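User: I'd like to learn how to read a few features in a structure, starting with charged side chains. Can you walk me through them?

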Amino acid sequence: MPPLENQQLEANVGYDVLVVGGGIQGCGIAQAAAAAGYRVLLIERNDWGSGTSSRSSKLIHGGLRYLESGQFSLIRKALKERQLLLEIAPDLVKAVPFLLPVYRSGPLQNHRGDVALYSGLQIYRWLGRELDHAAISCDFDRFDGDDPELSNLLGEGFERDELEAVYRYWDAQTDDRLLTRAVAYSARQLGADVSKGWELSHAQPCEYGWRVDLNHGIKRHRIEATAIVNACGPWVTQLHQRIFGAPEPLQSELVQGSHIVIEGSLGSAVYYLEATDQRGIFVMPWGQDTLVGTTEVAFKGDPALCQPSVEEVDYLRENVRRYFPDLQVQIKAKFAGLRVLPHGDGGVFHRARDTRLQNYWSEGRGLVSVYGGKLTTYRITAQRVIEELQPYLGLRQPLADTATLKLVPH
């Protein structure tokens with residue numbers, strides 16, 4: 001089988017499903033559709049995982065902070081997927097300890113408090129019941145501020161003044177871009193055609209579904225597809241407008257999340273720290289360096305132009321220094337990604353993180369648009385899309401179960 005990058009796209013070919021967007025959601029949908037027996041084409045205009053899927057916090061987790069907004073169902077699903085990914089992608093998804101410090105007073109005193117954090121971790125543990133994995137336990141530990149073992153947990157220079165306790169629990173970490181590539185490769189192994197450098201320029205109804213014009217520089221191809229899946233992430237609305245006869249897109253907003261990579265290691269654990277605005281931020285090991293994120297800032301304009309603002313970089317830098325006061329923060333890299341969230345009033349913190357699907361079928365042709373989506377739960381989103389497709393495309397002979405297919409770095 002040729003390398004992932006070099007697969008050629010043929011013109012005038014008919015497909016059951018055209019998936020547009022080579023992020024983790026699109027690759028997962030292409031994998032699931034191919035596993036269900038459909039003839040699939042996956043296209044990406046840049047590179048696999050080149051958008052938001054390579055600009056995440058690199059975590060495979062349940063989402064402890066979603067307890068505050070009552071998204072218990074999402075947490076439970078994510079914890080199940082965390083366990084599954086540890087099993088099917090052991091070379092890509094690794095267990096890692098998370099540390100939650102609690103300060104009794106002073107400038108770092110926690111807004112939530114010891115009792116609230118303990119209660120939250122108990123709920124998180126309960127939601128993850130029966131999901132213990134060889135690498136991850138659903139239990140958590142509490143270390144008093146004067147516990148000698150803290151020296152082995154906390155990185156050098158971590159602020160110990162007024163430290164009351166540290167909680168340790170377990171989640172997982174991944175290289176999001178490598179995971180996306182692994183899923184794309186799995187889709188191709190199942191028979192999907194996958195090709196990057198292509199974009200959908202126009203789609204219109206035809207006798208057999210959609211007649212779709214694709215561009216690759218000066219190259220032009222025309223294909224037909226019964227169903228189109230719009231998995232373009234922040235570009236979901238723009239693609240929607242290129243499909244003649246599509247319904248009005250769902251109302252949504254873009255929220256920018258920025259990260260910085262700072263020089264040097266602060267330990268082997270992920271710190272979950274309360275920022276000055278009472279949001280949680282992660283300070284994570286990333287190779288030999290440290291990854292810090294994320295922010296939540298409303299974004300307007302061209303998604304291709306998103307980048308960390310000076311204010312966001314300062315916010316992340318200063319919050320790291322609150323907990324590592326002697327650290328000379330040397331920024332080696334910075335990046336930003338965009339989340340697609342439901343339109344609403346007020347701040348974005350309490351907005352639902354569940355993925356929304358817009359399903360449109362008419363006269364034998366369909367369009368499923370994907371709004372939002374989490375790295376951890378990409379496979380669940382893909383399953384939902386297949387459930388939307390099956391009543392119209394009919395059942396095929398399944399080739400595989402994505403819950404058991406091994407994913408390897410590629």
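User: Is arginine 365 buried or exposed?

Analyst: Keep in mind that this is a predicted model. Buried means under 20% relative accessible area, and arginine 365 counts as buried because its value is 9%. Its side chain meets that of glutamate 363 in a salt bridge, at 3.6 Å from N to O. Glutamate 363 counts as exposed, at 69% relative accessibility.

User: What lets two such side chains pair up in general?

Analyst: Side chains of opposite charge can pair when their charged atoms come close. Here the count comes to 22 salt bridges.

User: Which residues are joined into one network by salt bridges that share partners?

Analyst: Those are Asp47, Arg177, Arg181 and Lys196.

User: How far apart are the closest N and O atoms in the salt bridge between aspartate 144 and arginine 142?

Analyst: They sit 2.3 Å apart. As for exposure, aspartate 144 is partly exposed, with a relative accessible area of 37%, and arginine 142 is also partly exposed, at 36%.

User: And which residue does arginine 104 form a salt bridge with?

Analyst: With glutamate 162, where the closest N and O atoms are 4.0 Å apart. Now look at where the partners lie. Arginine 104 is in the loop between β4 (93-103) and α3 (113-127), while glutamate 162 is in the loop between α4 (150-153) and β6 (163-174), so the pair ties together parts that are 58 residues apart in sequence. Arginine 104 is partly exposed at 43% relative accessibility, and glutamate 162 is partly exposed at 28%.

User: Okay, helices next. At what angle do α1 and α5 pack?

Analyst: The idea is to look at the angle between the axes and then at how far apart the axes are. For α1 and helix α5 (residues 176-189), the angle is about 25 degrees and the axes are 8 Å apart. Angles under 35 degrees count as roughly parallel, so α1 is roughly parallel to α5. Their crossing is left-handed.

User: Which residues of α1 meet α5?

Analyst: On the α1 side you have Ile24, Cys27, Gly28, Ala30, Gln31 and Ala34. They meet Leu179, Thr180, Val183, Ala184, Ser186 and Ala187 in α5.

User: How are α2 and α3 oriented to each other?

Analyst: Use the angle again. The axes of helix α2 (residues 72-88) and α3 come within 9 Å and cross at roughly 55 degrees, and therefore the two helices are oblique to each other. The crossing of α2 and α3 is right-handed. The contact brings Phe72, Ile75, Arg76 and Leu79 in α2 up against Ile123, Tyr124 and Leu127 in α3.

User: Let's try a strand. Where does leucine 41 lie?

Analyst: In strand β2 (residues 40-44). Leucine 41 counts as buried, at 0% relative accessibility. You can also compare spacing along the chain with spacing in 3D: leucine 41 and glutamate 274 are 233 residues apart along the chain, and their C-alpha atoms are separated by 44 Å.

User: Last one: where is confidence lowest, and where is it highest?

Analyst: In the protein chain, the lowest mean is in α4, at 86, and the highest is in helix α1 (residues 24-35), at 98. For the protein chain overall, the mean pLDDT is 91, and 95% of its residues reach 70 or more.

Definitions and conventions: Residues numbered from 1 in each chain as written. Predicted model: local features only at pLDDT ≥ 70, side-chain atom pairs only at ≥ 80, totals over all residues. Heavy atoms only, no water. Helix = DSSP H or I, 4+ residues; strand = E, 2+ residues; numbered from the N terminus. Buried < 20%, exposed > 50% of the residue type's maximum accessible area, 1.4 Å probe, protein only. pLDDT = per-residue confidence, 0-100. Axes fitted to C-alpha atoms, helices over the stretch in contact; angles between N-to-C directions. Parallel < 35°, antiparallel > 145°, perpendicular 65-115°, else oblique. Left-handed = near helix turned anticlockwise from the far one by under 90°. Contact = heavy atoms within 4.5 Å.
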